[in-house]
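Please open the structure in your viewer and keep the sequence beside it, since this tour goes from one selection to the next. At each stop there is something to select, followed by a short account of what is there.

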Amino acid sequence: MTVLIDDARWPGHGRLWGHLVSDASLVELHAFARAAGIGERAFDHDHYDYPGEHHARLVALGAVPVGRRELVRRLAASGLRVPGRDRTRRR
């Protein structure tokens, strides 16, 4: 099991944001986020949003950097991906 991180490139609230996902387990992802001090509000169905200034710290804690496409591919392969059309229904 691996927690994956992409580069922060999505603007919002005056900063850039990236994503943290697990390639196998939401339990693993939630545990990593708790240990990293990422609040539950940052969880969005199948990933956590993180502010870009925390990228290096999250990698130092064990998140594995991958490109955006690789992150999405591995999330989908894990069976954990929630398609956009299902996001409003699962909140």
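Begin by selecting D46, which lies in the loop between α1, residues 26-36, and β4. Keep in mind throughout that this is a predicted model. Is D46 buried or exposed? With a relative accessible area of 1%, D46 is buried, because buried here means under 20%. Now show the side chains of D46 and H47 together, and you will find a polar contact between them at 2.8 Å.

Stay in this loop and select H45, which is also placed between α1 and β4. Its phi is near 70 degrees, a positive value in a residue other than glycine. H45 counts as buried, at 12% relative accessibility.

Next, move to F43, whose place is again the loop between α1 and β4. F43 is partly exposed, with a relative accessible area of 23%. Which residues does F43 touch, if those up to four places away in sequence are not counted? They are L26, L29, H30 and Y48, so that showing these four beside F43 gives a view of its surroundings. If you then draw a distance from the C-alpha atom of F43 to that of V3, which is 40 residues apart from it along the chain, the viewer should give 14 Å.

Turn now to the strands, and colour β3, residues 15-22, so that you can follow its pairings one after another. Strand β1, residues 3-5, runs antiparallel to β3 and is joined to it by 3 bridges. To see one of the pairings, select I5, whose bridge partner in β3 is L20.

Strand β2, residues 10-12, is likewise joined to β3 by 3 bridges, and these two strands run antiparallel. Here you can select P11, which stands opposite L16 in β3. The strands β2 and β3 form a hairpin with 2 residues between them. In that turn select H13, which has a positive phi of about 55 degrees although it is not a glycine. Is H13 buried or exposed? H13 is exposed, with a relative accessible area of 80%.

To complete the view of β3, add strand β4, residues 48-51, which runs antiparallel to β3 and is joined to it by 4 bridges. Select W17 and then P51, since P51 is the bridge partner of W17 in β4.

The next stop is the largest nonpolar core, which has 13 residues; select L20, F32, I38, Y48, L58 and A63, the members that touch the most other members. The elements that give two or more residues to this core are β1, α1 and β4. The largest share, 4 residues, comes from α1. As background, nonpolar side chains in soluble globular proteins tend to be buried together.

Within this selection, centre the view on A63 and ask which residues are in contact with it, leaving aside its neighbours within four places in sequence. A63 is in contact with V3, I5, L20, F32 and L58.

For the last stop, look for another core, which lies apart from the largest one and has 6 residues. Among them are V21, V66, L71 and L75, and selecting these will show you where this second group is found.

Notes
Residues numbered from 1 in each chain as written. Heavy atoms only, no water. Buried < 20%, exposed > 50% of the residue type's maximum accessible area, 1.4 Å probe, protein only. Polar contact = N/O pair within 3.5 Å; in protein donor to acceptor, adjacent residues only side chain to side chain. Core = buried A, V, L, I, M, F, W, Y, C linked by side-chain atoms within 4.5 Å. Contact = heavy atoms within 4.5 Å.
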